[in-house]
Amino acid sequence: MNGFSKYYQKDRQTRLDILVQQKKLTQAEVDSLIAPKLDLTLGDTMIENFITQYQIPEGLALNYVIDGKEYLIPMVTEEPSVIAAASHGAAIVRRGGGFKSELKERLMIGQIVIEQVKDATKLAQQLEQMQAKLLQLANEAHPSIVRRGGGAREIRIRILAPDLVSLDLIVDVKEAMGANMLNTMLEACASYLQTELDAEILLSILSNYATRCLVKVTCEIPVSALTKGELAGEKIAQKIATASRLAQLDPYRATTHNKGIMNGIDAVVIASGNDWRAIEAGAHAYAARNGSYQGLSTWQVKGDMLIGELELPLPLGSVGGSVSIVPLVKLNHQLLELQDAKELEKIVAAVGLGQNLAALYALVTDGIQKGHMKLQLKSLAVAVGASPSEVSAVVAELLAKKARDSATAKQILEEIRGNKREQK
């Protein structure tokens, strides 16, 4: 993307100036990022017992090409290496033409669970016969979504135990995240079932296990593009594939493998104004769909190509909730040049796969600490009191001494300041 070369090496003001020069944001919009005001009214509206705003840094991931389109991707995270890793992974994938995405459908699922069931099979048959009526009631409960082309689409009945039956309502929520919409529909149907069948309703609520909202992203990278110093690309590709296989076999490794994926996914989901906790819950449930907890992504070598794939449920919205009321979220959607919720889902999945590639690449080459350490040392320098102009010098000395403790950092800072005083 033109104008963003060596973006990470520039100071913050220059980065902001580039956003204006490249017409990603107006000067007024950039000014709102420089000194954001504490919106007490907004905070008090969004949560209970509001006292202040807790800030987490936001940056931009670069190098992403998804279905032929270039993206600047806002990410909100406190972990130093996440954005650097996401951008690095995307740069590698870009050498193979970028990410490809596939999204078959975008439907949400909610449950009405009936308890104290005497004959589950008979109840399931009754519910099947009521399908048309239940769909009608659901749509009448939320007519605005029907006018926008969405609405209740299917009913699914599952016998969970001899005394427990789940009626699953499957809904097209269009551009919304859909939680409130779906819960309204479910409660309308539950009220009807109570009256018509004398059913004992245990609960009526959406499910965050959105298996009808799956997104798949893939990439193909020439193994030659993975070469690093003396280490051949073929060897690196083989190690990445083996590390991927390990995440399918060992839940201890799979947990950390998936945590790395979610580092990127959560950061974009937060920046987009969506519910990252819901996405986390659904992703981890999907990782265990085969009866054991496994890695969400897979990597394999085919010929001279390393092929990566990531599939997971991503029920994201482009309207509603904090998406519609938080000013920074609106700017982030603008930076993404977002068209709709489906596009957002593809972007988030691509960042997850890019993040995963960067982590595996680091693990099988230099080890994870080398990339992390410089960024961690910057945080350490700030923690011991270094000013912005002193951070680089403190980090350089820590690297030279191969030290990473606060006592050494303090000593180095004192020496730097002592030398400055002597020079004066």
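So, cavities first. If you search this whole structure, which is a predicted model, you find one cavity of 30 Å³ or more. The space inside that largest cavity comes to about 30 Å³.

Who lines it? The residues around the largest cavity are Met1, Lys24, Glu70, Tyr71, Leu72, Leu335, Leu336 and Glu337. Two elements give two or more residues each to this lining, namely β2, residues 69-76, and α13, residues 327-336. The largest share comes from β2, with three residues. By character, the lining divides into five nonpolar residues, three charged ones and no polar ones.

Let me stay with α13 for a moment, since that helix comes back several times. Please find it on the screen. Which of its residues are buried? In α13 those are Val329, Leu331, Asn332, His333, Leu335 and Leu336. Leu335 and Leu336 are worth a second look, as they also belong to the lining of the largest cavity. As a reminder on helices in general, there are 3.6 residues a turn in an α-helix, so residues three or four places apart point the same way.

What follows α13? The next residue is Glu337, and its phi is positive, near 55°. Glu337 is not a glycine, and it sits in the loop between α13 and α14, with α14 covering residues 341-364. Glu337 is partly exposed, at a relative accessible area of 37%. You have met Glu337 already, because it is among the residues lining the largest cavity.

There is another residue with a positive phi to show you. Asn63 has a phi of about 80°, again without being a glycine. Where is Asn63? Its place is in strand β1, residues 58-66. Asn63 is partly exposed too, with a relative accessible area of 30%.

Now to helix packing. We describe two packed helices by the angle between their axes and the distance between the axes. Take α13 with its partner α2, residues 27-34: they pack at an angle of about 130°, and their axes are 11 Å apart. That angle makes α2 oblique to α13. The crossing of α2 past α13 is left-handed.

The other pair brings in α14. Its axis and that of helix α9, residues 233-249, come within 9 Å and cross at roughly 115°. The two helices, α9 and α14, are therefore roughly perpendicular to each other. What is the hand of the crossing of α9 and α14? It is right-handed.

On to the pockets, and the second largest pocket in particular. Its volume is about 280 Å³. There are 13 lining residues, and the ones nearest the centre of this pocket are Gln116, Val117, Lys118, Leu123 and Leu197. The elements giving two or more residues to that lining are β4, residues 108-115, and α5, residues 120-129. Which of them gives the most? That is α5, with three residues. The lining of the second largest pocket divides into five nonpolar, two polar and six charged residues.

Let me finish by zooming out to the whole chain. You can count 17 helices and ten strands in it. Its C-alpha trace spans about 90 × 55 × 40 Å along the principal axes. How much of the chain is buried? Of its 424 residues, 47% count as buried.

Thanks, everyone, and I'm happy to rotate the model if you would like another look.

Conventions:
Residues numbered from 1 in each chain as written. Predicted model: local features only at pLDDT ≥ 70, side-chain atom pairs only at ≥ 80, totals over all residues. Heavy atoms only, no water. 1 Å grid on protein atoms, 1.4 Å probe; cavity = no way out; pocket = protein on both sides within 12 Å on 5 of 7 lines; lining within 4 Å. Points joined across faces, edges and corners; volume = space filled by probe spheres on them. Helix = DSSP H or I, 4+ residues; strand = E, 2+ residues; numbered from the N terminus. Nonpolar A, V, L, I, M, F, W, Y, C, P; charged D, E, K, R; others polar. Buried < 20%, exposed > 50% of the residue type's maximum accessible area, 1.4 Å probe, protein only. Axes fitted to C-alpha atoms, helices over the stretch in contact; angles between N-to-C directions. Parallel < 35°, antiparallel > 145°, perpendicular 65-115°, else oblique. Left-handed = near helix turned anticlockwise from the far one by under 90°.
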